[in-house]
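Student: I would like to learn how the words used for a protein model are justified. Could we go through some of them together, setting each value beside its definition?

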Amino acid sequence: MLGSRTISISIERNWAEAYEAIWHPEDFSKWASGLSKAELKREGSVWRALGPEGEVTIRFTGHNAFGVLDHYVQTAGGEVYVPLRIIRNGEGAEVQMTLFRQPGMSDAKFEEDAAWIARDLEALKELLER
């Protein structure tokens with residue numbers, strides 16, 4: 001079992017509207033800094049992009065009524081599961097992303113990745129609250 005940390009941010013926008021605004025895979029590059037300089041190219045059921053550490057293949061969860069935006073990122077080092085959810089929080093939304101500590105990942109790298117996710121969620125918040 002992998003260690004994990006869920007990073008969460010509150011957004012002042014209806015959760016369903018927030019989900020509809022960003023569920024398309026091509027919209028991830030608007031806030032996910034690992035893809036911000038990459039063009040996502042669809043190839044069948046997967047998307048390909050050039051990430052900070054090389055080429056990545058991403059499989060996204062399809063559109064759904066539950067706010068689930070989970071995705072699987074395949075790199076040269078293997079596949080990483082990234083749970084991402086938008087849930088109702090009163091009149092707004094809570095966005096939660098879970099970071100799984102990969103085998104051999106140092107404490108410093110785990111903290112660096114958690115900080116990266118927090119920055120990306122701040123960018124998402126700014127985008128959705130405009």
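Student: What makes the charged end of R59 count as sitting over the ring of Y72?

Tutor: The charged end of R59 is 4.3 Å from the centre of the Y72 ring and sits over that ring; the definition asks that NZ of Lys or CZ of Arg be within 6 Å of the ring centre and within 35 degrees of the ring normal. Before we go on, note that this is a predicted model, in which local features need pLDDT of at least 70 and side-chain atom pairs count only at pLDDT 80 or more, while totals for chains, interfaces and linings use all residues. Residues are numbered from 1 along each chain as its sequence is written, and side-chain values use heavy atoms, with hydrogens and water left out.

Student: Why is the pair of Y81 and F100 called stacked?

Tutor: The structure holds 4 aromatic pairs, and rings of Phe, Tyr and Trp (its six-membered ring) pair if their centres lie within 6.5 Å, with planes under 30 degrees apart called stacked, over 60 edge-to-face and the rest tilted. The centres of the Y81 and F100 rings are 6.1 Å apart and their planes stand at 20°, so this pair is stacked. Since Y81 belongs to strand 6 (residues 78–82) and F100 to strand 8, the pair ties together parts that are 19 residues apart in sequence; strands here are DSSP runs of E with at least two residues, helices runs of H or I with at least four, both numbered from the N terminus.

Student: Why does N64 count as buried, and what about Y81?

Tutor: Buried means under 20% relative accessible area, exposed over 50% and partly exposed in between, using a 1.4 Å probe and protein chains only. N64 has 15% relative accessibility and therefore counts as buried, whereas Y81, at 30%, counts as partly exposed. F100, at 22%, is also partly exposed. N64 lies in the loop between strand 4 (54–60) and strand 5 (71–75).

Student: Why do strand 1 and strand 7 count as edges of the sheet?

Tutor: Two strands pair if DSSP finds at least two bridges between them, and 3 strands form an open, antiparallel sheet in the order 1-8-7. Strand 1 (4–11) and strand 7 (84–89) each have a single partner strand, so one side of each is left without a neighbour in the sheet.

Student: How do you know that strand 7 pairs with strand 8?

Tutor: 6 bridges join strand 7 to strand 8 (residues 92–100), set against the required at least two. I87, for example, has E94 in strand 8 as its bridge partner.
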